[in-house]
Amino acid sequence: MNFESVVSRVKAEKCAGIRYQQAGHHHFRDRVTVYRDGKLLFERFCYGEAAGIVFSVWAKSDDGNGSPLWDFTGCNVTSAPQEVPHTLTDADENSLEFDGKSIRWECTQKLKSDSANGYGGPVYWVKRLFGAV
């Protein structure tokens, strides 16, 4: 399974992206955002008093079989390649499943824009108007 159906859903919802968060309470809060141009953003946050982002990595696309092509060049966490989702195995209206695990990634937010990650402002909306994204 690849991300085409998810990207199509983002476009149909007229969103910049759809954010999914791993269900259940774990040591970390992991989320994946799928953007309308096919890019993916994985973010890991810690809990507690020092809550904040641990690391984030981008994938410009997937390999056509649902495996994101993560770019770890800017990531300083050595375990990041083992921690990110490796293959999309299922997707429905409200959730994703990665790596054949029964843990679902539930839709938490439909982003009309995401300026912090380059999906907002006048330049983005002009590109979107002309179908560039």
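How many residues lie between E4 and E5 in the hairpin that they form? The two strands are separated by 5 residues, and Gly64 in the turn has a positive phi of about 95°. The model is predicted, with local features requiring pLDDT of at least 70 and side-chain atom pairs counting only at pLDDT 80 or more, whereas totals for chains, interfaces and linings use all residues. Residues are numbered from 1 along each chain as its sequence is written, and side-chain values use heavy atoms, without hydrogens and water.

Helices (H or I, at least four residues) and strands (E, at least two) are DSSP runs numbered from the N terminus. Strand E4 (residues 52–62) pairs with E5 in the antiparallel sense over 3 bridges; pairing requires that DSSP finds at least two bridges between the strands. Ala59 stands opposite Trp70 in E5. Along E5 (residues 68–71), Trp70 and Pro68 point to one face and are buried, while Leu69 and Asp71 point to the other and are not. Buried denotes under 20% relative accessible area, exposed over 50%, and partly exposed in between (1.4 Å probe, protein chains only).

The largest nonpolar core (buried Ala, Val, Leu, Ile, Met, Phe, Trp, Tyr and Cys residues joined through side-chain atoms within 4.5 Å) has 23 residues, of which Val6, Val34, Phe42 and Leu96 touch the most other members. Helix H1 (4–12) and strand E1 (17–22) are among the elements that each supply at least two residues of this core.

The structure holds 0 disulfides, a disulfide being a pair of cysteine sulfur atoms within 2.5 Å. The sulfur of Cys75 is too far for a bond because the closest cysteine sulfur, in Cys46, is 14 Å away.
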